[in-house]
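Let's take a friendly walk through this structure, one region at a time. Please keep the sequence and the 3D view open as you read.

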Amino acid sequence: MPLTTPDRVFRLPEHVKPRLDASGPIVFSDRVVSTDEIWRFLTEEAPLRFPYAFDLSGNNIARISEDVEFVSGLKAAYLTLSLYDRIEAARAAGRPIVMIQGGQHFEPYFAAGAVPLRPAYIYVWARNANEGLGLRGSDVIGNDHLEAGRRRISVDACHQVGAHGILHEGVLRVDFVAPNLALRCSDMAYLTESHRSGTHGAELLLVDYPIGDAVDKPWAYQYVADNLRRLVTTIDARTGRRTTDDDLRAEIARHNRLRRLAREFQDAWQAAPIPPTNSIDRQNISLLGNEPSLDPTAVISVLDSAITEVKARAASGVRGHGLAADPVRLFVCGSCVTADPNVVDGAGGVVVGKDDGWSETVTDAAEDGDPYLGLATQTLSWPYEQGSQARAVWTAEQTRRTRSDGLLFIYQWGCNFQSAVARLIADSVKAETGLPTAYLSSSELGKSESLEQHRTRVEAFVEMLRARKGVL
Amino acid sequence: MSPATIDRLCEALRRRPAELAAARAAGTPVVGYFCCNVPEELVLAAGLVPVRLGSGGDERLVELGGRYISHQNCPFVRQNVGVFARAAGEAEGVDDSEEGARSGVGALRSAWAEHVDTVLVAATCPQIYRLGEVIESFFGRRVEILGVPRNFTSDEGRAYFRAEVAALADRLGAIGGQPVTPERLTTTVDLLARTRTAIRRLYDLQAAHPEVLSWRTVFETVHAGFVLDRGEYADLLEDLLAEATALAAEPVAELDDRIRLFLAGSVISPGDTKILDLVEELGARIVGDDLCTGLRPARQLVVKEPTLDALADAYLDRVPCAALPHLTLTGDRRLANIEASYREAGAEGVIYHSLRYCDPITFKANETKQVLGNQIPFLEIHTEYASSDTEGIRTRIDAFLEMIETAYPPKEWTDAAHNA
């Protein structure tokens with residue numbers, strides 16, 4: 001049901017609670033969070049501590065979904081909004097905190113007992129240390145961190161420089177900056193290196209990704225496997241524990257289950273004749289396929305619930321809240337950013353898929369044999385990380401699989417590695433599928449001051465797709 | 001007074017396009033490559049003709065390349081996409097009228113891309129890797145990638161790079177129809193060692209004897225080696241060195257008291273003369289560099305034996321590119337090389353040149369300044385190939401020179417001081 005309030009601040013209506021109860025609790029690896037607790041947190045505690053997240057302004061890209069009856073979306077919101085408390089609890093329990101990058105695998109960190117946090121989560125951690133922030137206050141804090149990073153490192157860096165600025169400024173402390181490089185980002189290696197002259201004392205390590213085609217190069221797989229083993233032994237040296245191959249295999253099995261569920265969710269959503277949720281709920285649930293949110297078991301629990309809901313909606317022909325009657329279907333690719341889902345939905349479209357995130361979900365790692373080699377093999381197979389021509393072929397397949405009406409390649413400021421192939425991939429997909437494609441740069445995505453260019457371009461593209469489809 | 005060998009170098013450059021065309025007609029493929037991490041020894045040992053690609057300083061080509069790659073890529077990458085676009089006949093609307101207008105050793109802006117059969121990319125800088133992808137996709141060029149480990153000081157990185165070099169040797173051998181044998185490798189290793197030795201000596205000589213050779217001439221002489229026949233080039237370098245050494249023994253009428261600058265940072269390619277021109281116009285002179293198109297590739301590269309593993313090790317153990325991250329300040333050979341080269345050249349200040357969106361250099365500017373410390377005057381120039389910032393840069397360099405003159409007493413350059 002549509003939910004609006006006079007002050008555009010989100011509040012959960014009471015009639016949703018029974019639906020949430022029926023969906024069951026979130027099962028974490030060390031406890032069970034009841035639906036009563038989720039409800040209390042989302043209706044009483046979180047709106048006071050993190051009011052920015054409940055601001056329904058059109059320029060709040062991070063706002064909570066208005067589809068309150070999709071209760072798995074509420075559970076995903078719970079995972080995000082409880083992040084600060086869970087990070088602090090993990091730190092208090094002595095688990096090493098590791099800054100990684102998005103779009104990589106997580107198994108080695110969990111197997112070694114560490115807490116892997118992508119730059120976006122470093123942002124969330126720092127922002128949510130300040131309670132009571134409205135949207136404007138959240139923006140100001142975010143901009144402060146961004147500018148700190150730019151002053152320290154470079155204005156040419158992408159937005160993740162803010163997360164590194166947080167560490168450089170001593171706002172937060174992590175034990176390691178130890179990302180996988182993957183083939184997605186050229187900034188991360190240099191940003192990690194920047195901490196060598198920092199004062200926060202984090203230990204630095206890179207898991208390298210061999211650039212170029214790794215097919216028929218057994219040494220490339222071995223190189224990544226050796227890097228992963230070094231990562232685990234380095235974390236072990238800090239914790240004093242010994243992570244065994246069986247520990248890693250168990251973690252791989254847990255993440256494989258998570259990935260399978262994420263695929264099942266996406267398949268059910270994308271196969272539905274009518275999009276069963278709005279873009280933001282599809283996005284938030286899909287992201288869980290490669291974002292264990294500190295606890296893969298909890299994510300598995302939320303994915304289970306989401307699959308049940310989406311299948312039920314698909315069977316009964318429910319259309320996602322806020323979507324047009326016949327929305328055009330948009331596939332998004334490019335950097336680790338996406339089209340503002342609220343803008344897409346508002347213009348008469350719906351985002352049906354995103355290459356980043358999905359790519360990391362499509363293959364499982366071997367659960368037997370050398371687990372490091374298994375992970376290396378899996379990583380080197382991720383379509384998003386392949387050479388651009390191969391990636392374009394895969395992207396074209398995804399547009400067909402999702403019955404997309406068009407493709408947007410989006411890159412953010414400073415992302416020269418992805419932006420370099422924007423035209424290449426957009427042109428290739430257009431040639432392969434005949435779909436309209438476009439590529440665009442998004443500056444300051446996630447900040448409420450600068451969405452106009454993004455909004456104008458995305459809306460124009462969606463309108464063009466609607467005209468082409470004859471639904472304008 | 002200019003060594004006559006320079007005229008021979010210029011003549012060799014003028015001949016070179018026709019020579020490349022003849023080689024290709026005779027069935028010898030030309031391999032154009034990006035980045036000094038490509039072991040040229042391998043290309044030669046496979047019976048191929050190497051040409052190091054990369055030009056700079058041309059806004060028109062940057063604009064042309066930007067149609068295929070992003071405006072957020074560094075101007076070097078954009079320009080060289082533009083070079084391949086032009087070679088593919090895609091230069092409609094680009095004013096090409098001044099192409100080749102420069103003469104002498106600096107006349108290297110011509111599109112060597114036209115003479116290249118295969119493009120070889122060392123994936124040291126991720127953007128250069130993308131450049132390879134783009135020219136392969138849009139212009140149908142055959143592109144080969146040499147993987148370069150970013151954990152380049154680790155044992156696993158070494159094992160990976162050794163395997164990459166061995167695989168590249170096989171691929172090049174297949175392209176050239178001539179397998180890379182130890183005998184051929186011995187010959188090419190020796191040849192390129194001669195070249196590097198001569199370049200190092202020429203750099204020493206220009207620092208001490210600007211009346212004989214300027215840094216600019218030596219820098220452009222290095223660029224000539226990107227395209228000339230490697231055997232002829234080694235001979236010319238040694239002739240130039242002998243001639244310049246003899247000239248340096250003659251008495252000097254007037255001491256050169258211009259401020260001595262060291263140039264560090266992003267690639268400065270043939271055709272990119274903005275900063276070089278400004279330094280000269282403002283009455284200073286460059287005496288040394290750590291550029292990948294200058295002295296750096298000739299320093300500390302020692303192939304201990306003519307084997308593929310030793311070749312791979314030599315390239316890993318050399319002064320690294322900033323694109324290869326080093327996670328501790330201690331043991332960072334790149335930083336150590338800047339400081340050592342600066343002192344060896346007897347420089348009085350560093351101009352740190354960072355190209356827009358050249359992340360490995362730009363991200364490290366603040367840190368490099370801190371590491372070099374307050375005793376070394378340091379000026380970062382963050383720029384593109386566009387001319388719009390020329391006057392602003394002129395003002396900044398001028399003020400930098402005034403600061404050096406005011407804050408640091410002039411010192412007299414002597415061979416004895418240099419050798420000490």
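A good place to begin is A:A306, which is buried with a relative accessible area of 0%. Here buried means under 20% relative accessible area, exposed means over 50%, and partly exposed lies in between, with a 1.4 Å probe and protein chains only. A:A306 sits in helix α13 of chain A, residues 296-316; helices (H or I, at least four residues) and strands (E, at least two) are DSSP runs, numbered from the N terminus. A:A306 and A:W269 are 37 residues apart in sequence, and their C-alpha atoms are 10.0 Å apart in space.

A word on conventions before going on. This is a predicted model, in which local features need pLDDT of at least 70 and side-chain atom pairs count only at pLDDT 80 or more, while totals for chains, interfaces and linings use all residues. Residues are numbered from 1 along each chain as its sequence is written, chains are lettered from A and ligands numbered from 1 in the order in which they are written, and side-chain values use heavy atoms, leaving out hydrogens and water.

Staying with α13 of chain A, look at A:D304, which forms a salt bridge with A:R257, the closest N and O atoms being 3.5 Å apart. Because A:R257 lies in helix α11 (residues 245-271) of chain A and A:D304 in helix α13 of chain A, the pair ties together parts that are 47 residues apart in sequence. Both ends of the bridge are partly exposed: A:R257 has a relative accessible area of 43%, and A:D304 has 32%. A salt bridge here is a side-chain nitrogen of Lys or Arg within 4 Å of a carboxyl oxygen of Asp or Glu. Side chains of opposite charge can pair when their charged atoms come close. By this rule, the count over all chains is 75 salt bridges. Elsewhere in chain A, a network of salt bridges links A:E37, A:R40, A:E45, A:R49, A:D85 and A:E131.

The loop between α12 (279-287) and α13 of chain A holds A:S293. What is the sign of phi at A:S293? Phi is positive there, near 50 degrees, in a residue other than glycine. A:S293 counts as buried, at 1% relative accessibility.

Now turn to chain B and its helix α6, residues 155-176. With 22 residues, α6 reaches 31 Å from its first C-alpha to its last, close to the 32 Å expected at 1.5 Å a residue; the expected span is 1.5 Å times one less than the number of residues. Within this helix lies B:L172, which is buried at 1% relative accessibility. B:L172 and B:L42 are 130 residues apart in sequence, yet 7.6 Å apart in space, C-alpha to C-alpha. After α6(B) comes B:G177, with a positive phi near 70 degrees.

Which residue forms a salt bridge with B:R158? The partner is B:D313, and the closest N and O atoms are 3.1 Å apart. This pair links distant parts of the chain, with B:R158 in helix α6 of chain B and B:D313 in helix α11 (residues 308-317) of chain B, 155 residues apart. B:D313 is buried, with a relative accessible area of 14%.

Helix α5 of chain B, residues 126-139, has 14 residues and reaches 20 Å from first C-alpha to last, close to the 20 Å expected. This helix is mostly covered, with 11 of its 14 residues buried; among them are B:I128, B:Y129, B:L131 and B:F139. Just after α5(B), B:G140 has a positive phi of about 65 degrees.

Two loops of chain B are also worth a visit. B:Q300 is in the loop between β6 (285-289) and α11 of chain B. Its phi is positive, near 55 degrees, in a residue other than glycine, and B:Q300 is partly exposed with a relative accessible area of 42%. B:E254 is found in the loop between α9 (230-248) and β5 (260-265) of chain B. At 67% relative accessibility, B:E254 counts as exposed.
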